[in-house]
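Trainee: Got a minute to go through this model with me? I'd like to start with charges and rings.
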Amino acid sequence: MGLIRVASASRPLSISKALSSSSKRHYLARLLLCFSLGWPLPPLHAQEASLPQTGIGKEIFMLLESKQHPYLVQTGFAGRAEDMQALYKAANYEPVWLNRNDAEVLITETLDLLSNAASEGLNPQHYDAGKLKEMLPATLQLPPVAVRKRAMFDTAVSLSLLRYLHDLHYGRVSPQDINFNLKLREKKLIDLPALILSALDRSRITPLPAEVEPKLDQYRKLKPALAHYRELAARVVPLKLDVARSVHIGDKHPQLEELRRFLVQTGEIQAGADNTQTPTDPVYDKELSEGVKRFQARHGLTADGVLGRGTAAALSVPLSERVTQIELALERLRWLPEIGTGPYILVNIPAFQMWVYDDISKSEPSPLSMRVVVGQAMKTQTPVLMAEMKFIDFMPYWNVPYSITKNEIIPKLIANPAYLHSENLEIVTAFSDQAKPVPLNVDSLLMLKQGLLKIRQRPGKKNPLGKVKFMFPNKDDVYLHDTPSKSLFNRSTRDFSHGCVRIERPQDLAEFALRNQPEWTKENIQLAMQAPKMQRVMLKRSIPILFFYTTSFVEQNGEVAFYRDIYGHDTVLLETLKNSSDLSDQLLFVSQGTAPPTRSTERRLSDPSGSVGI
């Protein structure tokens, strides 16, 4: 069917009119190639008459048109075709590597760079460096007339380098495909073909990674951590602790010497520390307890120095898995568009932690950080998102989601009509400041069931949003807020909310957000947090906010911390990376594509009140 549709009677006439005899032969050769391989018919353009006429130029052009490279494991390169065309068009479809006097030096430097991709958390096998290294000596001996082999090798080196640089700058998968609701980039700020040609002009390939990798302080700090943990994984004997009951100072355990050796090797206990114990009489002493406490602090555990089952399980995680966690963190950081400068709020979901920065572009300690409570792992996960904090509500209403109204509140109202008053709840026609309360009766109860009326909780001690909430419009309808349940912040695992993020010190965050609005002094903020009615304050300058998810993170003390994969996002990303191919630019930029629907979109469609969880 495809061959019949392509080979229409009108096309040969247009070819004979538009092309010279030599160009016509070239175009017909392309047709035959497409027919034989089942590729789409190449378009006919007016510039066909200026196509390369030399032997190697035609070979390069034909290969680029095919978007297939038989030398490489991943043969198809439709995702990198535009960059490949730009690179070779700028070189007049001549080899960019093999026509140089320093070809061997630069190609070797390039392939060494690709072979070392693991230092960036990338897989060297994706870039075929080993195979190309084997082919290089024979290729350098090829005569000029071996145009096809020279064209194939030259383009293979270029394509592998382009893939590496693209992966390093943008990442290997689309975050939207795995429900990471990050902003698309506004425009392309980096020209990879131009960077390669510039590097060739300077005869230096090695600096290229530094030009394209993310310019984030966190990324810069994670790279040496990756090298360190890769080295630890290679030399440290794995620890497999069997702890039936918690071990305290003075207790005995048969594996304490193994534990001590492990903690010394990983740096939790200083090497050469005094130890008067004998291997035949191991006792859990203060030195071991302090080493365990340092380990706990870096692995999202309660830092009490007690060797319990949870700590034993974390100590038994292979260090190779810690390497993987850092690699996944680097991948996720590549997804972020250019962040810019100025104040910034970052919530790392599995760390249950928030950091507030005066200027995210500077390598300075965060002036404000606090513990947070995030969405429940099994039911109401907090989404990954990027947004702008625009206003603050002091003494807010809690707009009860329809699902909670239907499944929890209505049955209690039927059993006890006084429940509405006892919980400081009211029925309203809509979630708005102007909404008037509606009395509870048979009709209003029926309308509640149908979602035509809504329930909200008035400001007060029982309000689950506490005394303040921080609003940043987003598709998932989540926000930051205070909570009366302060005891939850003392737990090491803090996934208890309905999706929103509860913060430990809301007044401190309010003072930061309003620091450039002189009328909002500390005293006025305190008064607003005690007022009987809600008060909305618009920020004169919105503050970017990022809900992120990474299970490894370099803390402000310079030490890398690891957290449990509470939502299973690491597992999903690992599986996605196994089947990843060239990432299309159409998935990265606002002007070229849009993000696919997220799970939150589907949830809002099924919930008339929107996802306004706590």
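Trainee: Which ring does K454 lie over?
Mentor: That would be F431: K454 lies over its face, at 5.5 Å from the ring centre. Bear in mind that this is a predicted model.

Trainee: Okay, and what about R456, which ring face does that lie over?
Mentor: R456 lies over the face of Y397, and the distance to the ring centre is 3.8 Å.

Trainee: What stands opposite R456 in the strands?
Mentor: E426 does, with R456 sitting in β9. Strand β7 (residues 425-428) and strand β9 (residues 454-457) run antiparallel and are joined by four bridges.

Trainee: How are the strands ordered in that sheet?
Mentor: The order is β6-β9-β7-β8, an open sheet of four strands with antiparallel pairing. β6 (398-399) and β8 (437-438) are at the edges with a single partner strand each, so one side of each has no neighbour in the sheet.

Trainee: Switching topic: how many aromatic pairs does the structure hold?
Mentor: Nine aromatic pairs. One of them is W355 with F553, which is stacked, at 4.7 Å centre to centre and 20° between the planes.

Trainee: Why does that pair tie together parts far along the sequence from each other, 198 residues apart?
Mentor: Because W355 lies in strand β3 (residues 353-357) while F553 lies in strand β15 (residues 552-554).

Trainee: Are those two buried or exposed?
Mentor: W355 is buried, and F553 is too. Another pair to look at is F472 and F547, which is edge-to-face, with 5.5 Å centre to centre and 75° between the planes. F472 comes from the loop between β10 (468-471) and β11 (480-481) and F547 from strand β14 (residues 535-548), so this pair ties together parts 75 residues apart in sequence.

Trainee: And F472 and F547, buried or exposed?
Mentor: F472 has a relative accessible area of 1%, so it is buried, as the cut-off is under 20%. F547 is buried as well, at 0% relative accessibility.

Trainee: Now the core. How many residues does the largest nonpolar one have?
Mentor: It has 169 residues, and those with the most contacts inside it include W97, Y164, F394 and F547. Helix α8 (residues 147-170) gives the most to this core, with twelve residues. In soluble globular proteins, nonpolar side chains tend to be buried together.

Trainee: Last one: what does F394 touch?
Mentor: Leaving aside residues up to four places away in sequence, F394 touches a set including K467, V468, L514, W520, I525, M529 and V537.

Definitions and conventions:
Residues are numbered from 1 along each chain as its sequence is written. This is a predicted model: local features need pLDDT of at least 70, side-chain atom pairs count only at pLDDT 80 or more; totals for chains, interfaces and linings use all residues. Side-chain values use heavy atoms; hydrogens and water are left out. A nonpolar core is a set of buried Ala, Val, Leu, Ile, Met, Phe, Trp, Tyr and Cys residues joined through side-chain atoms within 4.5 Å. Buried means under 20% relative accessible area, exposed over 50%, partly exposed in between (1.4 Å probe, protein chains only). Helices (H or I, at least four residues) and strands (E, at least two) are DSSP runs, numbered from the N terminus. Contact means heavy atoms within 4.5 Å. Rings of Phe, Tyr and Trp (its six-membered ring) pair if their centres lie within 6.5 Å; planes under 30 degrees apart count as stacked, over 60 as edge-to-face and the rest as tilted. A charge sits over a ring if NZ of Lys or CZ of Arg is within 6 Å of the ring centre and within 35 degrees of the ring normal. Two strands pair if DSSP finds at least two bridges between them.
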